[in-house]
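I opened a fresh page for this one and went through it site by site. Here is what I looked up, in the order I looked.

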Amino acid sequence: MRSTGSWYDIADEQGNKYIGRLRGKLKQEEMKSNNPIAVGDYVDFEIENVEQNTVLINDILERENYLIRQSTHRKNQAHIIAANIDQAMLIATLVFPRTSLGFIDRFLVSAEAYRIPTLVIFNKKDLLEGDGLVFQEELVEMYKKIGYESLAISALDKNDIQKINALLEGKKTLISGHSGVGKSTIINHIAPYLGLETGDISDYSLKGTHTTTFAEMFEIRPKTYLIDTPGIKELGLIDIEAEEISHFFPEMRERFGQCKYYNCTHLHEPDCAIVKAVENGEIAQSRYESYLSMVMGEDNRK
Ligand SMILES: Nc1nc2c(ncn2[C@@H]2O[C@H](COP(=O)(O)OP(=O)(O)O)[C@@H](O)[C@H]2O)c(=O)[nH]1
Ligand SMILES: [Mg+2]
Ligand SMILES: [Zn+2]
């Protein structure tokens with residue numbers, strides 16, 4: 001459920017809670033593979049001390065999937081954020097703070113690469129009006145057209161919270177998004193008893209980002225889990241070549257093989273099906289721009 005370095009919070013099938021450590025031998029193997037245990041992992045454990053409720057973790061079961069985050073300092077070292085995730089819920093906002101479309105698309109590419117279905121939620125709808133609202137609605141429609149579940153909501157609206165709640169039912173959902181977009185507020189409305197700390201908008205913009213980087217999983221009702229990721233700014237990608245990036249844009253993937261050249265990069269080649277689709281409006285300009293900046297290796301992480 002949670003990791004705090006060398007100790008792990010563990011729950012069994014009956015909901016009993018333990019704190020555990022990796023068995024020495026396992027620890028060594030894990031160090032070698034640089035593959036630390038993560039929130040959402042299934043483990044095999046045995047009781048170490050009944051009174052103190054401590055256990056020893058014997059084994060980590062094979063993962064269905066996992067997400068990593070990019071290490072800010074060491075580019076080639078990855079940290080697993082969470083494992084065995086059913087879906088990711090990306091919370092974005094168009095104001096206070098503004099999430100860039102480049103960031104959203106980067107997140108979606110990572111999630112595609114790890115085969116994790118993603119919901120794109122635009123929060124703080126109540127702060128928009130007129131053209132802002134129209135633009136937000138266009139974005140929702142654009143992401144829906146590509147195949148992503150997408151909604152514009154306000155965390156202050158009970159009906160909207162109900163909609164989000166329904167999307168979580170029976171699943172293990174990773175909640176992600178920039179600091180200040182309202183993740184904790186949304187979780188608190190769904191599960192008030194968790195009492196997560198929420199930030200004042202001025203707090204995070206002045207002080208920068210949080211320092212906590214441990215993900216935590218909450219069972220909000222039987223079989224329904226939320227994974228909060230405080231301080232995790234972006235997902236990492238390992239081993240994706242520039243030529244592969246278009247495979248993780250579903251609207252480009254579905255046009256695979258339709259370009260004149262088999263190895264088309266969709267940048268400057270003649271008779272490119274992707275460029276044509278952008279020109280006739282079938283592929284959104286903003287998505288193509290995100291593609292370009294990823295292929296060029298630009299930093300569009302904000
Ligand atoms: N107006 C408005 N404010 C919101 C909404 N959701 C969250 N907030 C505010 O935005 C700030 C940051 O929210 P928080 O939940 O801490 O964001 P987190 O960093 O993503 O967990 C807090 O002051 C919230 O009260 C919303 O839908 N509308
Ligand atoms: Mg928070
Ligand atoms: Zn092409």
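**Entry 1: the ligand 1 site**

Before listing any contacts, I noted my rule: a polar contact is a pair of N or O atoms within 3.5 Å. I also reminded myself that this is a predicted model.

Which backbone atoms sit within that reach of an oxygen atom of ligand 1? I found Gly 180, where a backbone N or O atom lies 2.7 Å from a ligand oxygen. Val 181 also offers a backbone N or O atom, at 3.4 Å from an oxygen of ligand 1. For Lys 183, a polar backbone atom is 2.8 Å from an oxygen atom of ligand 1. I then checked the cover: on its own, ligand 1 has 580 Å² of accessible area, and the protein covers 84% of that.

Next I went round the shell. There are 18 residues around ligand 1, and those that come nearest are Asp 126, Ala 155, Gly 180, Thr 185 and Gly 199. I sorted the shell by character and got 10 polar, 4 nonpolar and 4 charged residues. Helix H5, residues 183-190, supplies the largest share of the shell, with 3 residues.

**Entry 2: Ile 190**

While I was on helix H5, I stopped at Ile 190, which is found in that helix. Is Ile 190 buried or exposed? Its relative accessibility is 12%, so I put it down as buried. I also took a distance to Ala 155: the two C-alpha atoms are 9.9 Å apart, with their positions 35 residues apart along the chain. Ala 155 is one of the residues that come nearest to ligand 1.

**Entry 3: the zinc ion**

What coordinates the zinc ion, ligand 3? I noted three SG donors, from Cys 259, Cys 264 and Cys 272, together with ND1 of His 266, at 2.1 to 2.4 Å. Along the chain these donors follow the spacing C-x4-C-x1-H-x5-C.

Why do I call the arrangement around the zinc ion tetrahedral? The 4 donor atoms subtend angles of 103 to 113 degrees, and my cut-off for four tetrahedral donors is that all angles lie between 85 and 135 degrees. For reference, the ideal angle for four tetrahedral donors is 109.5 degrees.

I then asked how covered the donor residues are. Cys 259 is buried, because its relative accessible area is 12% and buried means under 20%. Cys 264 is buried as well, at 11%. His 266 comes out at 8%, so I marked it buried too.

**Entry 4: the loop between H7 and H8**

His 266 belongs to the loop between helix H7 (250-253) and helix H8 (273-279). I looked at its backbone and wrote down a positive phi of about 60 degrees, in a residue that is not a glycine. Asp 271 is placed in the loop between H7 and H8. Asp 271 has a positive phi as well, near 50 degrees, and is a residue other than glycine. I flagged these values because most residues other than glycine have a negative phi. As for cover, Asp 271 has 44% relative accessibility, so I listed it as partly exposed.

**Entry 5: a cis peptide bond**

Where is the cis peptide bond I noted? It joins Phe 96 and Pro 97, with omega about -5 degrees. Most peptide bonds are trans. I placed Pro 97 in the loop between strand E8 (87-93) and H2.

**Entry 6: three more loop residues**

Tyr 114 is in the loop between helix H2 (101-113) and strand E9 (118-123). Its relative accessibility is 15%, so I entered it as buried. The C-alpha atom of Tyr 114 is 6.9 Å from that of Tyr 66, although 48 residues separate the two along the chain.

Arg 63 is in the loop between strand E5 (54-60) and strand E6 (66-70). Arg 63 is buried, at 17% relative accessible area. What does its side chain contact? I found a polar contact with the side chain of Asp 41, at 2.7 Å.

My last stop was Lys 223, in the loop between strand E12 (216-221) and strand E13 (224-228). With 64% relative accessible area, Lys 223 is exposed. Lys 172 is 51 residues away in sequence, and its C-alpha is 7.9 Å from that of Lys 223.

How values were computed:
Residues are numbered from 1 along each chain as its sequence is written. Chains are lettered from A and ligands numbered from 1 in the order in which they are written. This is a predicted model: local features need pLDDT of at least 70, side-chain atom pairs count only at pLDDT 80 or more; totals for chains, interfaces and linings use all residues. Side-chain values use heavy atoms; hydrogens and water are left out. Donors are N, O and S atoms within 2.8 Å of the metal (3.2 Å for Na, K and Ca); water is not among the atoms, so sites may look incomplete. Four donors count as tetrahedral if all angles lie between 85 and 135 degrees; four count as square planar and six as octahedral if opposite donors are over 155 degrees apart and all others between 65 and 115; anything else is irregular. Buried means under 20% relative accessible area, exposed over 50%, partly exposed in between (1.4 Å probe, protein chains only). A residue is near a molecule or strand if one of its heavy atoms lies within 4 Å of it. A polar contact is a pair of N or O atoms within 3.5 Å; within protein, one must be able to donate a hydrogen and the other to accept it, and residues adjacent in sequence count only if both atoms are side-chain atoms. Accessible areas come from the Shrake-Rupley method with a 1.4 Å probe; for residues, only the protein chains shown count as cover. Helices (H or I, at least four residues) and strands (E, at least two) are DSSP runs, numbered from the N terminus. Ala, Val, Leu, Ile, Met, Phe, Trp, Tyr, Cys and Pro count as nonpolar, Asp, Glu, Lys and Arg as charged, and the others, Gly among them, as polar.
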